[in-house]
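Subject: Structure handover

Hello,

Here is the structure I promised to pass on. Please open it first, then read my notes below.

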Amino acid sequence: MQPDTCDIAILGGGLAGGLIALALSARRPDLRVMIVERGEKLGGHHIWSFFASDLPSTAQALVEPMIAARWDGYSVHFPSFSRALSTPYRSVTSERLDLAVRATLPPGCVLTGVEVVSATPVTVALGDGRRIAARGVIDARGSNGLPHMGGGWQKFLGRMLCLSTPHGLTAPIVMDGRVEQADGYHFIYCLPFSPTEIFVEDTYYSDSPMLDVPKLGRRLANYAALQGWQVETISYEETGVLPVIASGDFDAFWAAGGNGVARAGAGAGLLHPLTSYSLPEAVRFALHLTTLDNFSGSSLERASHAWVADHWRRGRFYRMLSRMLFGAARPDVRWRVLERFYRLPEPLIERFYAGQSTLTDRLRILAGKPPVSVTAALASLAGYGRPLADLA
Ligand SMILES: Cc1cc2nc3c(=O)[nH]c(=O)nc-3n(C[C@H](O)[C@H](O)[C@H](O)COP(=O)(O)OP(=O)(O)OC[C@H]3O[C@@H](n4cnc5c(N)ncnc54)[C@H](O)[C@@H]3O)c2cc1C
């Protein structure tokens with residue numbers, strides 16, 4: 001059988017792969033792009049959220065078709081402090097990603113329900129026996145753990161609750177830490193999608209990747225009951241166990257995977273070390289790829305390595321904060337670190353989430369009376385956290 005041919009073959013039609021396909025199609029229409037996804041739909045069944053300030057203004061057109069909800073601000077709550085912030089917040093959905101990519105790529109270039117079995121920098125072997133020959137291949141098949149990296153986990157159970165009466169929220173609650181502290185820093189995250197639909201997540205910054213879904217479900221139900229919400233149905237549910245990166249050996253990480261193939265997305269380590277969110281990095285990398293001159297497999301691999309290595313260098317400060325959060329703060333008082341952080345100026349908080357903290361921001365974050373003991377903070381800097389190689 002003759003192989004399919006294309007300029008760029010993207011392996012994995014999730015967030016990163018889908019964004020690369022959209023960016024290349026929009027900015028490099030000279031390239032024939034194919035995307036291969038093992039699921040029936042691109043992106044699976046997901047909601048991805050981000051702060052508008054996370055993205056460069058040049059990314060607006062790329063993400064706009066995928067935005068399902070937008071808010072003009074958000075709030076946070078802690079035991080002795082609440083704050084409303086004005087940074088706009090956005091959610092995109094996998095349904096919209098799927099629609100956008102299918103509407104953009106030519107017929108025959110979106111392969112779903114097909115497993116990638118193996119790949120080289122210029123070829124792809126599919127589970128149904130087909131092959132693809134490409135000028136260059138990009139592997140965006142997600143993450144099953146990050147070898148040679150250590151840290152902790154951000155884990156959660158999220159449910160879309162359909163209520164019989166309006167919940168009354170007009171903006172997201174990004175952290176409600178006024179809940180019983182358990183299994184690390186415990187907070188609730190709420191996205192009001194419509195007056196009677198609210199996505200609620202029970203979240204933990206934990207030392208363990210274990211997720212007790214029934215227990216988290218009970219906590220979500222208790223939280224909803226305390227707010228006086230009458231839940232009629234649960235229309236959607238998701239769980240996540242995301243790595244919080246505290247340390248690592250980047251060269252060993254890169255050498256451990258890839259097979260010489262260019263890499264993208266969470267599997268390449270392109271995520272915020274502390275929040276584990278990858279959408280902003282996925283957007284930036286997709287836009288960067290459109291500026292390349294050479295799309296050969298080896299050149300793409302070098303470009304992805306250079307980009308990710310730079311991202312790793314820029315993440316050093318955040319990894320140090322992860323070490324302090326997990327190493328210095330007792331699990332039941334981790335909330336104090338976040339409470340203190342949210343008292344800082346809003347532009348600093350925006351740059352923090354965008355992974356673009358300035359030197360002054362860094363000093364400001366570290367200055368003042370620490371919410372943890374100084375001895376413990378210093379001791380934690382040498383810590384590496386638990387290996388993130390195998391996610392639960
Ligand atoms: C429940 C959950 C919620 C999250 N929420 C957010 C959020 O709100 N904001 C944010 O920025 N980040 C969020 N994240 C973190 C991160 O952004 C996501 O995990 C994101 O989906 C990672 O993008 P990716 O493209 O690297 O991987 P994925 O989106 O997982 O995409 C990888 C794709 O590759 C496919 N694939 C894998 N193996 C093969 C194969 N052999 N052949 C063919 N296809 C294959 C998979 O089916 C999948 O579709 C969340 C993560 C989870 C798990």
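Two strands pair if DSSP finds at least two bridges between them. Strand 4 and strand 7 (residues 89-93) are joined by 4 bridges and run antiparallel. Trp-71 stands opposite Tyr-89 in strand 7. Please note that this is a predicted model.

The sheet. Strand 4 and strand 7 belong to an open sheet of 3 strands, in the order 3-7-4, with antiparallel pairing. Strand 3 and strand 4 are at the edges. Each has a single partner strand, so one side of each has no neighbour in the sheet. On average, neighbouring strands here are turned by 20° against each other, direction ignored.

The domains. The protein chain is divided into domain 1 (4-73 + 92-147 + 249-314), domain 2 (150-243) and domain 3 (317-387). The C-alpha centres of domain 1 and domain 2 are 28 Å apart. Contacts link 9 residues of domain 1 with 9 residues of domain 2. On the domain 1 side, strand 3 (47-51) and strand 4 (67-71) are the elements that give two or more residues. By class, that side has 4 nonpolar, 4 polar and 1 charged residues.

The ligand. Which residues come nearest to the ligand? Of the 30 around the ligand, they are Gly-12, Gly-14, Gly-142, Gly-265 and Tyr-277. Helix 1 (15-27), strand 2 (33-37), strand 3 and strand 16 (231-248) each give two or more residues to this shell. By class, the shell has 11 nonpolar, 14 polar and 5 charged residues. Domain 1 and domain 2 each supply at least three residues to the shell.

Best wishes

Definitions and conventions: Residues numbered from 1 in each chain as written. Predicted model: local features only at pLDDT ≥ 70, side-chain atom pairs only at ≥ 80, totals over all residues. Domains from an automatic or database assignment. Contact = placed C-beta atoms within 7 Å. Nonpolar A, V, L, I, M, F, W, Y, C, P; charged D, E, K, R; others polar. Near = placed C-beta within 6 Å. Axes fitted to C-alpha atoms, helices over the stretch in contact; angles between N-to-C directions.
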